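Dear colleague,

Please find below the structure that I am handing over to you. I should be grateful if you would look through it alongside the notes that come after it.

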Amino acid sequence: MKVAFPVQMRRIDELIIERGIPSVLLMENASRSVLEEVLKYPTVKEIAILCGGGNNGGDGYAIGRLLLNAGKTVSVIECYHPSTPDAIFNASLFVSFGGGIHACEESTVESLLSRADMVIDSIFGTGFHGELQGRVAELVEYINGLKSVKLAVDIPSGVSGFDGSVRGIAFRADKTVTFGAGKVGHYLYPGRDYCGEVVVRSEGFSREILDRQLDSSVIDEELVLELLPERHADSHKGTYGAVLIVGGSEIYTGAPFLSALGALRSGCGLTYTYTPPEAAAVIRSNLPEVIAIVGKGPHIFRDDLDTIVEIAKKADSIVIGPGIGRNEETAETVLELLKVFSKSSMVLDADGLYALSKDLTVLSRTEDILLTPHPGEFRRLCGETDLKSLMDFCENFHCRVILKGSSSVLCNPYGKLSINITGTTGLAKGGSGDLLSGTIGSFAAQTGDLERAGILGMYFMGKAAELSDESDASNTASSIGKEYSRVFSCLVEGARGEKHGIGT
Ligand SMILES: NC(=O)C1=CN([C@@H]2O[C@H](COP(=O)(O)OP(=O)(O)OC[C@H]3O[C@@H](n4cnc5c(N)ncnc54)[C@H](OP(=O)(O)O)[C@@H]3O)[C@@H](O)[C@H]2O)[C@H](O)CC1
Ligand SMILES: [K+]
């Protein structure tokens, strides 16, 4: 499902208006779709709407009029004076249909809000920046403590549509009705927490314009089915590529095993690992299908280089880092590998990223690399962890990064985002990152496309955790890796259902 940045949404509005649809009609369409969502709550009779001064506020006045005409009791609380032509127009229409407007400073506003069955937030939408302040912040905090149904128009006020960040307070919605396309900020934390259910209503929007203007996505089943490598009856292990995983150290003997598990279970034809002896022993006793090559010392160091380069000739993609540790010699060797494999398809994870932080210039020479840091690792590389910094980093170093988190984001050098919303708290545990890097390496070996592999990898691991019978708290990366089979089955069933029109 395509998602928009606020600036893209504004451009889409402009393009639709240029084709001849008046902006006030866009507002009417948006408001009508909110009306329909409100009418899905039959017990809601009395509604309070907080209106800002921009077009989000304009939507609020139009919604108020439509609700009045549908027989509801409606009060508007004016947080800012209407300032755009469409907001001014709709505020006056609301009044001419008998609507009552209260200034937000009035002392009776709290009792009015507490009486309402539903509170609608039409204060700010895509034009919001900074933070809620003064009386408006006070009212939003008050509303968040009420038991009434809370509905946000387009975006909960206080949430940035750009990156989901919240400074201070924000409206906590049960439902957010958004227009044209979901906004990036709906799907990233902490914003995702404030939206409740996100309903995208695209009436009146041109599919052609939306498709042309938007490239970022929230990863859904439809996208995964498009990207999943096909498996033909007439095939052999060579058909599905080979991955090489380089990692392991004295301390981290299990990480390469988890990475190899992800690779095997996601369909790779051949999985090679190159690790110190103790890590190889774990792999050999748990995953006999893996070709586990044993390194020359207790951690990866320069004497391993030639053999790794030799094995890499058989691999379609290389994963460097799971459990590789922070030995000085190891870090130097990782940097050397990044130079040698500068033209290869590579996933760099865990302490492989620590090595990279010692010399970021190496990154500029790589041609096909995906970094998979968690926020701590990304901060070491970039100094910041916000979305804008991630996008700048990918552009500057011309690389792809998956910034891992409750909503993981893959960013490419051109600012295209792929947001993963699958997953459970069962993944908030050591080992998940190792499983993910191996899974991505495997899909890269199968498809020859790291971006496609990153999208598939994030979705697979999250979905496997969701489908697992284990409770979230007790789940483990090794159990989640074994559930990949269920993800494949669900996808196949979903595709079959679609083909036969089931559920449509
Ligand atoms: N296709 C669509 O998506 C449609 C969307 N519509 C609705 O329009 C809004 C966007 O409207 P816009 O007028 O651009 O923006 P907002 O209503 O969100 O608010 C802009 C005003 O708010 C001021 N502002 C911003 N942040 C703050 C703050 N922290 N404190 C105080 N004031 C703030 C801002 O001031 P500036 O100084 O930045 O200019 C503006 O005055 C969209 O979300 C939809 O709901 C239309 O209905 C058409 C279809
Ligand atoms: K809003």
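The notes below take up the two sheets, one helix and the surroundings of the ligand in turn. Please bear in mind throughout that this is a predicted model.

The sheets

One open sheet has seven strands, in the order β4-β3-β2-β5-β6-β7-β9, and its pairing is parallel. At its edges are β4 (100–103) and β9 (197–201), each of which pairs on one side only. On average, neighbouring strands of this sheet are turned by 20° against each other, with direction ignored. To locate the β4 edge, you may start from strand β3 (residues 73–78), which runs parallel to β4 and is joined to it by four bridges. Ser75 has Gly100 as its bridge partner in β4.

A second open sheet is built from 10 strands, and here the pairing is mixed. Its order is β10-β19-β18-β17-β16-β15-β14-β11-β12-β13. The edge strands are β10 (217–218) and β13, each pairing on one side only. Within this sheet, strand β14 (residues 317–320) and strand β15 (residues 345–348) pair in the parallel sense over three bridges. Ile318 stands opposite Met346 in β15. As a general point, the strands of a sheet pair through backbone hydrogen bonds, either parallel or antiparallel.

Helix α12

Helix α12 covers residues 277–286, and its buried residues are Ala279, Ala280, Val282 and Ile283. Viewed down the axis of α12, these buried residues fall within an arc of 155°, so they line one face of the helix. An α-helix has 3.6 residues a turn, so residues three or four places apart point the same way. What do the buried residues of α12 pack against? Their partners are α11 (255–265), β12 (270–275) and β13 (291–294). Both β12 and β13 belong to the sheet of 10 strands described above.

The surroundings of ligand 1

There are 28 residues around ligand 1, and those that come nearest are Gly54, Asn55, Asn56, Gly125 and Gly127. The elements giving two or more residues to this shell are α1 (6–18), α2 (23–38) and α3 (55–69). Which of them supplies the largest share of the shell? That share, five residues, comes from α3. Sorted by class, the shell around ligand 1 holds 16 polar, eight nonpolar and four charged residues.

I hope that these notes serve as a useful introduction.

With kind regards

Note on methods
Residues numbered from 1 in each chain as written. Chains lettered and ligands numbered in written order. Predicted model: local features only at pLDDT ≥ 70, side-chain atom pairs only at ≥ 80, totals over all residues. Buried ≥ 20, exposed ≤ 12 C-beta atoms within 10 Å, placed from the backbone. Arc of directions from axis to C-beta. Contact = placed C-beta atoms within 7 Å. Near = placed C-beta within 6 Å. Nonpolar A, V, L, I, M, F, W, Y, C, P; charged D, E, K, R; others polar. Pairing = 2+ DSSP bridges. Axes fitted to C-alpha atoms, helices over the stretch in contact; angles between N-to-C directions.
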